[in-house]
Amino acid sequence: MKKILIIEDDALLKKYMKEYLNAYDYDISTVEDFDNIEKIVMNEVYDLILLDINLPKFDGFYFLKLIRKKLNVPVIIVSARSEEGEQIRGMDLGADDYITKPFSMGILLAKINAVLRRTEKSTGIISEVNDIKLVYSNMELNDGDRVISLTKNEFNILKIFFENYRRVITREQLLNELWDEDEFVDDNTLTVNITRVKKLIKNNNLNLNIETKRGIGYVLC
């Protein structure tokens, strides 16, 4: 689940944004102590930050500069300042996008999804579960400083599990994922491959668990 930090001093808007994005499976944190924004940002790992400009004490541009000096986390500015010069300033300081208030939640969600897709494409990270990253470019798992290489089938199985975290995946879905132009993976071979992935998880003490749902399929939790 992607983690998003909302830095916004409008309590009603912040609450609405949090509830809306929670409904789309985003893990949302909000800043309540505006005297310690820098500490909050630096003490946790976020996949994206939504940053207002008109904040108490220092404005959002000040914090954007601080963030960009230390972190590569994507930042979307959400501001009532609609002037072209303000938008250009935000992008020049390193914002990934700029949304002017008032805005629809649908547009906000679309921009968040687009920024995260661009970020994942540039880093090679497809998905992340329990701080474990699945990297497409090298077909590997990154668990902290550890790098675990995967076979093609291990990667394909974990890819669909990561993208459907906590959702039940049927055997038919997995069979389709393992389809190859020169090879058809039958039901028995699927069982063998799932067993290998479970063994991989166990042998590497990964914070992952694949549960079997008898007669249906599997779920990663």
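Start by selecting Glu8 and Lys101: in this predicted model, their side chains are joined by a polar contact of 2.8 Å. Keep Glu8 selected and add Asp10, whose backbone nitrogen sits 2.9 Å from a polar atom of the Glu8 side chain.

Now look at where Glu8 is placed. It belongs to the loop that links strand 1 (3-7) with helix 1 (11-22). Is Glu8 buried or exposed? Glu8 has a relative accessible area of 2%, under the 20% cut-off, so it counts as buried. To see what surrounds it, show the residues that Glu8 touches beyond four places away in sequence: Leu13, Lys14, Val31, Phe34, Asp52, Leu55, Val78 and Lys101. For a sense of scale, draw a C-alpha to C-alpha line from Glu8 to Val135: the two are 32 Å apart in space and 127 residues apart in sequence.

Next, switch to cartoon view and pick out the strands. There are 5 of them in an open sheet with parallel pairing, ordered 2-1-3-4-5. Strand 2 (27-30) and strand 5 (97-100) are the edges, each pairing on one side only. From one strand to the next, the twist averages 20°.

Zoom in on strand 1 and strand 2, which run parallel and are joined by 4 bridges. Select Ile4 here, and you will find its bridge partner, Ile28, in strand 2.

Finish with two helices. Helix 3 (residues 60-70) packs on the sheet and touches strand 3 (48-51) and strand 4 (75-79), with its direction at about 180° to that of strand 4. Then select helix 4 (residues 84-92), which lies across strand 4 and strand 5 and runs at about 150° to strand 5.

Key
Residues are numbered from 1 along each chain as its sequence is written. This is a predicted model: local features need pLDDT of at least 70, side-chain atom pairs count only at pLDDT 80 or more; totals for chains, interfaces and linings use all residues. Side-chain values use heavy atoms; hydrogens and water are left out. Buried means under 20% relative accessible area, exposed over 50%, partly exposed in between (1.4 Å probe, protein chains only). Contact means heavy atoms within 4.5 Å. A polar contact is a pair of N or O atoms within 3.5 Å; within protein, one must be able to donate a hydrogen and the other to accept it, and residues adjacent in sequence count only if both atoms are side-chain atoms. Two strands pair if DSSP finds at least two bridges between them. Axes are lines fitted to C-alpha atoms, for helices over the stretch in contact, and angles run from 0 to 180 degrees between N-to-C directions.
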